[in-house]
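Reader: I have a structure to read and little practice. Where should I begin?

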Amino acid sequence: MTFRQIAQLEPQDARVYLQIGDLLKQQNDLNGALAAYSTSLVDQTKLPVAQKAIREILADFTS
């Protein structure tokens with residue numbers, strides 16, 4: 001099962017979107033990674049690791 005399929009089954013699980021973001025970042029799909037990380041933050045957990053990943057990507061865009 002792919003992460004996207006899991007995300008459809010468990011849309012409230014922020015960890016799934018965090019994993020998707022990590023994979024997309026590794027594939028250099030930074031826009032997709034930002035979208036996945038942002039989705040992970042919609043959950044009430046406010047994953048600090050997702051916030052850090054977003055800051056890193058945005059810092060790369062501005063440098």
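Author: Begin with one term. A residue is buried when its relative accessible area is under 20%. Keep in mind that this model is predicted.

Reader: What percentage of the 63 residues in the protein chain is buried?

Author: Buried residues make up 35% of the 63. The accessible surface of the chain is about 4,400 Å². Carbon and sulfur atoms hold 53% of that surface.

Reader: Next, the fold. How many helices and strands are in the protein chain?

Author: Count the elements, then read their order. Here there are four helices and zero strands. From the N terminus, the order is α-α-α-α. The radius of gyration is 11 Å, close to the 11 Å that the globule rule gives for 63 residues, so the chain is as compact as a globular protein of that length.

Reader: Which residues have the most contacts inside the largest nonpolar core?

Author: A nonpolar core joins buried nonpolar residues through side-chain atoms within 4.5 Å. The largest one here has 18 residues. Ile20, Tyr37, Ala50 and Ile57 have the most contacts inside it. At least two core residues come from each of α2 (14–26), α3 (30–42) and α4 (48–62).

Reader: Take one of them. What does isoleucine 57 contact, leaving aside neighbours within four places in sequence?

Author: Look for partners far along the chain. Isoleucine 57 is in contact with Lys25, Leu30, Ala33, Leu34 and Tyr37, with those neighbours left aside. Across the chain, take contacts with a separation of 6 or more: 30% of them link residues 24 or more positions apart.

Reader: And how many charged side chains are there?

Author: Count both signs. The chain has 6 positive and 7 negative side chains. The centres of the two sets lie 4 Å apart.

Definitions and conventions. Residues numbered from 1 in each chain as written. Predicted model: local features only at pLDDT ≥ 70, side-chain atom pairs only at ≥ 80, totals over all residues. Heavy atoms only, no water. Rg over C-alpha atoms; globule rule 2.2 N^0.38 Å. Buried < 20%, exposed > 50% of the residue type's maximum accessible area, 1.4 Å probe, protein only. Contact = heavy atoms within 4.5 Å. Areas by Shrake-Rupley, 256 points an atom, 1.4 Å probe, with all protein chains shown as cover. Lys, Arg positive; Asp, Glu negative; His and termini not counted. Charge placed at Lys NZ, Arg CZ, Asp CG, Glu CD.
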